[in-house]
Amino acid sequence: MQPLGEPLYHLRLMARMGQAVGADLTGAFAAGGISAEDWAAMITKCRGCAAPARCEEFLAAHAEAGEPMPGCRNADALMRLKDLAR
């Protein structure tokens, strides 16, 4: 099992991915759409990703995206939050 990545780095990646797909993470948190536990679980999932460099490359190439990059460990949650933001 690989060690988890640095929390703040992965928080930023996750926030950027959310922004790229139109999922308002902070808005969802403020509105009660996700709990602090949900948010922490999403960050932990991201920290366990073996491909953060691929994520950075995807984000550099996609300021906006219809969906998260293939293999994103938080894709389902981000798409649900995207739907809530509508």
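**How α1, α3 and α4 pack**

In this predicted model, helix α1 (residues 7-21) and helix α3 (residues 36-47) have axes that come within 9 Å and cross at roughly 105°. Angles of 65 to 115 degrees count as roughly perpendicular, so that is how α1 and α3 sit relative to each other. On the α1 side of the contact are Pro 7, His 10, Leu 11, Leu 13 and Met 14, and these meet Trp 39, Met 42, Ile 43, Cys 46 and Arg 47 of α3. Sorted by type, the residues of this contact come out as eight nonpolar, one polar and one charged.

Now for α3 itself. Its twelve residues reach 16 Å from the first C-alpha to the last, close to the 16 Å expected at 1.5 Å a residue. Buried in α3 are Trp 39, Met 42, Ile 43, Cys 46 and Arg 47. These residues lie on the same side of α3, because they cover an arc of only 140° around the axis. As for partners, the buried residues of α3 pack against α1, and also against α2 (25-30) and α5 (75-85).

Next comes helix α4 (residues 52-61), where Pro 52, Cys 55, Phe 58 and Leu 59 are the buried residues. The arc they cover around the axis is only 115°, which puts them on the same side of α4. Turn to the other side of α4 and Glu 57, Ala 60 and Ala 61 are exposed. Helix α1 turns up here too: it is included in what covers the buried residues of α4.

How values were computed
Residues are numbered from 1 along each chain as its sequence is written. This is a predicted model: local features need pLDDT of at least 70, side-chain atom pairs count only at pLDDT 80 or more; totals for chains, interfaces and linings use all residues. Side-chain values use heavy atoms; hydrogens and water are left out. Axes are lines fitted to C-alpha atoms, for helices over the stretch in contact, and angles run from 0 to 180 degrees between N-to-C directions. Helices (H or I, at least four residues) and strands (E, at least two) are DSSP runs, numbered from the N terminus. Angles under 35 degrees count as roughly parallel, over 145 as roughly antiparallel, 65 to 115 as roughly perpendicular and the rest as oblique. Contact means heavy atoms within 4.5 Å. Ala, Val, Leu, Ile, Met, Phe, Trp, Tyr, Cys and Pro count as nonpolar, Asp, Glu, Lys and Arg as charged, and the others, Gly among them, as polar. The expected span of a helix is 1.5 Å times one less than its number of residues. Buried means under 20% relative accessible area, exposed over 50%, partly exposed in between (1.4 Å probe, protein chains only). The arc is that of the directions from the helix axis to the C-beta atoms.
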